[in-house]
Amino acid sequence: LKPNTVYNIYNNSQKFASLSTDANGNLPSFTVYLSSEHEIKVEQTTNITGCTVLDQPGKTYYLTRDITNSSAEVCMDISADNVVLDCQNHLIDGVDAPNTYGVLIFLPSSGSSNITVKNCNVRDWGCGIYLGYGDSNTLENVTVNSNSWGIYIAESDRNILLNITAKFNNYGIELSSVSVINLTYVTANSNNYGIYYFSSPPGEKLLINICLLYTSPSPRDLST
């Protein structure tokens, strides 16, 4: 079983319990009294209570409680297309360790697509949200504070950032080798760099659609 994941327990077709695994994937003990032959089934829900791998295409995962002071290298590891992570305004909190990720979307072999991360508060990671090699994804209603990188997007196009707040990071939002992106209601201030664009090869142009962008310091190298 997966760690930090809620499972429904069924007696024949009737659910009688919902239990969460621990960090090692173990369920707590439970008792079922049977007077005849019954089928006991354990079925995974899409509720999650801690750091885990999101690897089921087309599923929506709901974070049901805050994650605080996590020492994981990767907390939310999204490794399938068409996934939705809805944090329901819960916190994903690390311990300010380098080379750590609050939310990681990275599928270089196939290119991730149509992934949505929403209603999340991500702080105290090396990188709050990393999106690499993925097109047509959405980050919505997300706050990334007190990370080295709030949001880092690399080799990815046609992504949407909607209602984003990035504060007290070294880089609020960094775009690396990105050609097309949509920024709507984005606030990136009180960072060392508000929005930073790095092009490879040098001179590559960025098409950026902006609606109400607030950033301080000013966006750097967006025209190079």
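**Close-up 1. Val42 sits in strand β3, which covers residues 40-48.** This is a predicted model. With a relative accessible area of 38%, Val42 is partly exposed. Val42 also belongs to a nonpolar patch on the surface, where its partners are Leu1, Phe16, Phe30, Leu34 and Ile40. Together, the residues of this patch offer about 510 Å² of accessible area.

**Close-up 2. Tyr171 and Tyr193 form a stacked aromatic pair.** The structure holds nine aromatic pairs, and here we zoom in on the one formed by Tyr171 and Tyr193. Their rings lie 4.7 Å apart, centre to centre, with 15° between the planes. Tyr171 comes from strand β16 (residues 171-176) and Tyr193 from strand β18 (residues 193-198), so the pair ties together parts that are 22 residues apart in sequence. Tyr171 counts as buried at 16% relative accessibility, because the cut-off for buried is under 20%. Tyr193, at a relative accessible area of 28%, is partly exposed.

**Close-up 3. Tyr193 also pairs with Tyr196, this time edge-to-face.** For this pair, the centre-to-centre distance is 5.6 Å and the angle between the planes is 70°. Tyr196 counts as buried, with a relative accessibility of 14%.

**Close-up 4. One aromatic cluster takes in Tyr171, Tyr193 and Tyr196 along with further rings.** If you have followed the three tyrosines so far, here is the wider setting: Tyr101, Phe106, Tyr130, Tyr133, Trp149 and Tyr152 are also members of this cluster.

Key. Residues numbered from 1 in each chain as written. Predicted model: local features only at pLDDT ≥ 70, side-chain atom pairs only at ≥ 80, totals over all residues. Heavy atoms only, no water. Patch = residues over 30% accessible without salt bridge, like charges linked within 9 Å, V, L, I, M, F, W, Y side chains within 5 Å. Areas by Shrake-Rupley, 256 points an atom, 1.4 Å probe, with all protein chains shown as cover. Salt bridge = Lys/Arg side-chain N within 4 Å of Asp/Glu carboxyl O. Helix = DSSP H or I, 4+ residues; strand = E, 2+ residues; numbered from the N terminus. Buried < 20%, exposed > 50% of the residue type's maximum accessible area, 1.4 Å probe, protein only. Phe/Tyr/Trp six-rings, centres within 6.5 Å; stacked < 30°, edge-to-face > 60°.
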